[in-house]
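Work through the exercises below with the sequence and coordinates at hand. Each task is followed by a stepwise solution.

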Amino acid sequence: MRKDFLIWMVAGLVLITVGIWLINSGTSGEAGFFLLPVVVLIVVGFAVFVGIRRYRSYRINEPQEDEYSIRLMTRATSVAFYLSLYWWLVVMYFSDQLQLEAHSIIGGGILGMALLFVSSWLYFRIKGIDHA
Amino acid sequence: MLNRIRELRARHNLSQLELARKVGVRRETIVFLEKGTYNPSLKLAHAIALVFGLTIEEVFLFDEQ
């Protein structure tokens, strides 16, 4: 249950922090202003999805984690890390081309990493760990 | 790797949840095993074979190719 609490807490903190940042940053005129909440919602939505699954398992008295879920998470994490190296290269390239500000570069990098993780997790869950 | 889990589960009149509880995994793990999209660890394969009173080779069928 401690891990569940952590998942919910991190999801809540991400939402609150992004909300505060959006209100105070004065970036409402920028092109990415409307895209950012959508991406954050996807990331937080994923955390909520994982949290609900774990709570459901807890209620029916089955393990919240087992070898399959751990292996799925490990595989998704490793692939996401590998792809994120390229993602950062892309971000650096565009930051040069478009003269982006530092907060946009870092924000884009972090959100891209989060999206890559969610995508790779979904990919391996649908495709299967051993046959992808 | 193919397996006979679905067939053996039906023969032993076990639901996916019951089998999952017997071997200490989540129900979805049994689902993915039956679909053939996940190869279990040796420990889990052994536990599943024990539930059915068979050997690992009788439950999990190794494809030479």
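**Exercise 1. Describe the contact between chain A and chain B by residues and by area.**

Step 1. With contact taken as heavy atoms within 4.5 Å, chain A contributes 19 residues and chain B contributes 16 residues.

Step 2. Buried area is the accessible area (1.4 Å probe) that two parts lose on being put together, summed over both. For chain A and chain B this comes to about 1,500 Å², with 43% from carbon and sulfur atoms.

Conventions: this is a predicted model, in which local features need pLDDT of at least 70 and side-chain atom pairs count only at pLDDT 80 or more, while totals for chains, interfaces and linings use all residues. Residues are numbered from 1 along each chain as its sequence is written, chains are lettered from A and ligands numbered from 1 in the order in which they are written, and side-chain values use heavy atoms, leaving out hydrogens and water.

**Exercise 2. Find the salt bridges, first over all chains and then across the interface.**

Step 1. The criterion is a side-chain nitrogen of Lys or Arg within 4 Å of a carboxyl oxygen of Asp or Glu. Applied to the whole structure, the search returns eight salt bridges over all chains.

Step 2. Arg125(A) belongs to helix α4 of chain A and Glu28(B) to helix α3 (residues 27-35) of chain B, so this pair joins two chains. Helices here are DSSP runs (H or I, at least four residues), numbered from the N terminus.

Step 3. Two salt bridges cross the interface of chain A and chain B. One of them is Arg125(A) with Glu28(B), at 2.8 Å from N to O.

Step 4. On the chain A side, α2 (35-59), α3 (67-98) and α4 (102-127) each supply at least two residues that touch chain B. The largest share is that of α3(A), with four residues.

Step 5. By class, that side has four nonpolar, six polar and nine charged residues. Nonpolar means Ala, Val, Leu, Ile, Met, Phe, Trp, Tyr, Cys and Pro; charged means Asp, Glu, Lys and Arg; the others, Gly among them, are polar.

**Exercise 3. Give the axis distance and angle for α3(A) with α4(A), and for α2(B) with α4(B).**

Step 1. Axes are lines fitted to C-alpha atoms over the stretch in contact, and angles run from 0 to 180 degrees between N-to-C directions. The axes of α3(A) and α4(A) come within 7 Å and cross at roughly 145°.

Step 2. The contact of α3(A) with α4(A) holds 18 nonpolar, seven polar and two charged residues.

Step 3. In chain B, the axes of α2 (residues 16-23) and α4 (residues 42-52) come within 9 Å, crossing at roughly 115°.

Step 4. Leu19(B), Lys22(B) and Val23(B) of α2(B) meet Leu44(B), Ala47(B), Ile48(B), Val51(B) and Phe52(B) of α4(B). This contact has seven nonpolar, no polar and one charged residues.
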